[in-house]
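Visitor: I should like to take a close look at a single part of this structure, namely the surroundings of the ligand. Could you please guide me through them?

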Amino acid sequence: MKTLRFTNEDELDTIGLGTWKSDSGKVEDAVISALKSGYKHIDCAAVYGNEAEIGKAFQKAFKENIISRENLWVTSKLWNNAHKSEDVIPALKQTLKDLQLDYLDLYLIHWPVAFRPDLEGFPQQNEDFLSLEEVPIIETWEAMLEAKKLGLVKHLGVSNFSVPKLKDLIAKTDDAPEMNQVELHPFLHQDELLKFCHTNNIHLTAYSPLGSGDRSSEMKADDEPSLLDNEVVKSIASQHDATPAQILIAFHLHRHTAVIPKSTNPKRIKENLDSAKVVLTDEDMQQIKTLDKHYRYVNGKFFETSDGKYSNIFDE
Ligand code: A2P
């Protein structure tokens with residue numbers, strides 16, 4: 001398994017298990033199944049609503065010696081309603097309590113978007129949002145740095161940050177993010193962001209690598225293109241005696257990023273990890289390059305406000 005190396009020499013397995021949309025009642029078994037298959041990297045977030053169940057899986061895995069805490073990498077994310085300085089550490093502590101862990105390996109600011117601290121669920125009106133002037137990202141970031149000093153987390157990063165937003169944060173801190181988790185796949189290469197991150201010592205993690213077909217219908221466009229059914233992907237898969245999903249995952253390994261396919265199905269969980277054995281050629285990558293159409297499955301429009309507080313979240 002390829003790894004990403006951090007400046008302190010810590011290493012992250014490039015293929016991790018995604019848990020967004022992993023239902024309660026299924027996610028505990030999914031995590032156990034993943035750890036038994038050899039996954040060491042589990043991606044979580046408070047807003048996924050399933051951290052307590054994932055915590056049960058971790059406890060079971062430690063007790064049954066499926067994996068040790070030291071060999072496991074756990075990522076989680078700060079939700080948008082906890083961006084204020086005084087809310088960051090309590091939110092992180094709740095995540096640690098739910099996951100039944102003493103520390104996280106990586107904690108990310110989930111979105112460059114702030115909500116009112118008392119908002120539960122998704123915003124319904126402009127007043128539910130706080131602008132980035134009211135709660136600047138640097139305020140949130142400094143509280144994250146404090147959490148790191150306290151030993152609650154080993155590495156810090158962001159998610160859904162564009163190049164301008166990364167530049168802005170880097171200019172304001174001596175401790176730049178070590179990770180940016182964003183949507184990446186053959187329809188969305190984001191080469192400029194990849195180059196910027198790699199030049200600035202920021203790793204990338206690819207979310208929605210399979211097109212997140214299990215999103216709720218409100219989040220889906222009627223005419224969404226399918227990655228798994230794409231003819232170019234399918235033809236490369238047959239040449240490698242692999243599945244389309246494995247090609248979609250191997251794409252990220254070729255680009256030196258991490259990738260977090262979500263599955264709660266034991267067979268597909270294993271199949272996704274086995275993508276590590278698929279090595280794409282430069283010719284395969286050239287064919288995949290022709291698929292790039294800057295298509296986002298998660299377009300961020302759900303966080304745009306009509307009062308101008310938030311628009312064009314990805315700065316493009
Ligand atoms: P399931 O959980 O039933 O396996 P993404 O990682 O882009 O969010 O995509 C997740 C979706 O892809 C889920 O619907 C998941 O279903 C499905 N999926 C995960 N692994 C595979 C695979 N190897 N082949 C086909 N579909 C997959």
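Guide: A polar contact is a pair of N or O atoms within 3.5 Å. With that cut-off in mind, consider Arg268 in this predicted model: a polar atom of the Arg268 side chain lies 2.6 Å from an oxygen atom of the ligand, and the pair therefore counts as a polar contact. The side chain of Lys21 also takes part, with an N or O atom 3.0 Å from a ligand oxygen. Gly211 contributes through its backbone, where a polar atom is 3.2 Å from an oxygen atom of the ligand. The ligand taken alone exposes 570 Å², and the protein buries 83% of that area.

Let us now turn to the wider setting. The ligand sits in the largest pocket, and 17 residues surround it. Among the closest of them are Ser212, Lys262 and Asn272. By type, this shell consists of five nonpolar, seven polar and five charged residues. Helix α9, which spans residues 266–273, supplies the largest share of the shell, namely three residues.

Lys21 deserves a second look. Besides its contact with the ligand, Lys21 forms a salt bridge with Asp214, in which the closest N and O atoms are 2.8 Å apart. This pair links distant parts of the chain, 193 residues apart: Lys21 belongs to the loop between β3 and α1, whereas Asp214 belongs to the loop between β11 and α7. Side chains of opposite charge can pair when their charged atoms come close. The structure holds 20 salt bridges.

How values were computed: Residues numbered from 1 in each chain as written. Predicted model: local features only at pLDDT ≥ 70, side-chain atom pairs only at ≥ 80, totals over all residues. Heavy atoms only, no water. Near = heavy atom within 4 Å. Polar contact = N/O pair within 3.5 Å; in protein donor to acceptor, adjacent residues only side chain to side chain. Areas by Shrake-Rupley, 256 points an atom, 1.4 Å probe, with all protein chains shown as cover. 1 Å grid on protein atoms, 1.4 Å probe; cavity = no way out; pocket = protein on both sides within 12 Å on 5 of 7 lines; lining within 4 Å. Sits in = over half its atoms within 2 Å of the grid points. Helix = DSSP H or I, 4+ residues; strand = E, 2+ residues; numbered from the N terminus. Nonpolar A, V, L, I, M, F, W, Y, C, P; charged D, E, K, R; others polar. Salt bridge = Lys/Arg side-chain N within 4 Å of Asp/Glu carboxyl O.
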